[in-house]
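Student: I would like to learn how to read a metal site and a pocket. Can we go through them one by one?

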Amino acid sequence: MTQETPRSQTQTLITHARLATLGESPQLFEDGALLIEGETIAAIGTTAELGTRYPAAERWDAHGQLVLPAAICAHTHFYGAFARGMAIPGEPAANFPQILERLWWRLDKALTLEDVKYSALVCLVDAVRHGTTTLIDHHASPNAIEGSLDVIAEAVTQAGLRASLCYEVTDRDGPERARAGIAENVRFARRLLTAPDSAPHLGASFGLHASLTLSDETLADCVAAARELGIGFHVHVAEDVADQDDALQKAGRRVVQRFHEAGILGPNTLAIHCVHVDDDEIARLTETGTWVTHQPRSNMNNGVGVAPVEQMIRAGIRVGLGNDGFSNQMFAEMKAAYLVHKLAQRDPRAMPGDLVIRIAYAHNAQLARIFWPELTIGELSVGAAADLVFLDYHPTTPLTEGNLPWHLLFGVEASAVTATVCAGQVLMRDRKLLTLDEEEITARSRELAAKVWERLE
Ligand SMILES: [Zn+2]
């Protein structure tokens, strides 16, 4: 697609929208309008007001649909897409280490670079369809490490989405692949650091699998490499009690203490899950300003436990919401977060709806600043990135800025998304994808996934 006019000069005025801004002081505009100028939101108001002020702008009539900031996913695995519907041979896994060994570590070993590409594309189609425009990915493909992050980056760029990428370094596949994982993180991060303008919607962190598959030596090598680049880490932390048992046995200390002493924690580091953390570990995460992300659907699926999210937030930890490779329907993840804590604590007051929405939008938007320090997302405000979604949702009860969270949790489904915009670029309109060829991606991924399944011994 060639565009004669530079993007910064194009103006699109969305009209007749029910506009929910979220953000610090959330507002709701009935018959609202929003002006997109280049990549950003240039004005917000009523259709009458902005229609008069911007008569020359191209119009996009929302026909009363609900317009919201696009969703953000703080932790995902694009490489997991080919697991959907896959039969795992043998007895069902009885615990989390068996799930890793029997499913994920067999799947990731079977991936080629083309599989990596299509697995990512499948997830990106899902993200555009369901209005998630910013994704923080954690990648593994032990037999196709070098260049894997470039392949994913290319898919993300083609989709028109925003993503931060990293490779999960681990010792489980031997020292050579551990070194290759380190090299891939370094190579990709350096590529972005040396030419930041070449890929403004990509970010990088230093990926580590988890304490239970990392030796002290490898950890030290990773810390040295990440320090030189000035980037933080993205690592699973105490997802299952097995991670704590391993750390106590191997290092004589708990996971967070081990990572703290190794120099992994800090304000640019994402500690994923933190299901099994004690008071001392919560204090260390707080002191170091380390981010935690919560993935309730994954935790329930793996039967690993319930993360003490509210306790961590009360302690001052910043907690975001990810999907851990589940569908990119973040409304479903929000619902899971809303429900699971009530059940686990047998208290309907646990994890209130406004807190869920704050975690999913405000916290995740702040987390994204690790990778894009100037970026404002997760809210519709003047100067924020034009990342938004249209939802074919017409409330049957009063909708106000105050009760919006409960409409999102009880009424809205991701399937109601009809349009997705990322950084001013329209990626889906009237449910039609504009940047990705869904039919081709679906057909090719089915062929590739079948071959991957065959290769799983
Ligand atoms: Zn994960």
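Student: How are the donor residues of the zinc ion spaced in sequence?

Tutor: First, this is a predicted model, in which local features need pLDDT of at least 70, side-chain atom pairs count only at pLDDT 80 or more, and totals for chains, interfaces and linings use all residues. Residues are numbered from 1 along each chain as its sequence is written, and side-chain values use heavy atoms, with hydrogens and water left out. Donors are N, O and S atoms within 2.8 Å of the metal (3.2 Å for Na, K and Ca); water is not among the atoms, so sites may look incomplete. Here the spacing is H-x1-H-x158-H-x87-D. His77 lies in the loop between β6 (71-76) and α2, and His236 in strand β11, so this pair ties together parts 159 residues apart in sequence. Helices (H or I, at least four residues) and strands (E, at least two) are DSSP runs, numbered from the N terminus.

Student: Which atoms are the protein donors of the zinc ion?

Tutor: They are NE2 of His75, His77 and His236, and OD of Asp324, at 2.0 to 2.2 Å from the ion.

Student: How should I look for a pocket?

Tutor: Rolling a probe the size of a water molecule over the atoms shows where empty space is left. On a 1 Å grid over the protein atoms alone, a pocket is an open set of points where a 1.4 Å probe fits, with protein on both sides within 12 Å along at least five of seven lines; lining residues have an atom within 4 Å of a point. A volume is the space filled by probe spheres set on the points, which are joined across faces, edges and corners. The largest pocket holds about 710 Å³. Its lining has 38 residues, and Asp324 is among the closest to its centre.

Student: Which element gives the most to the lining of the largest pocket?

Tutor: α2 does, with six residues.
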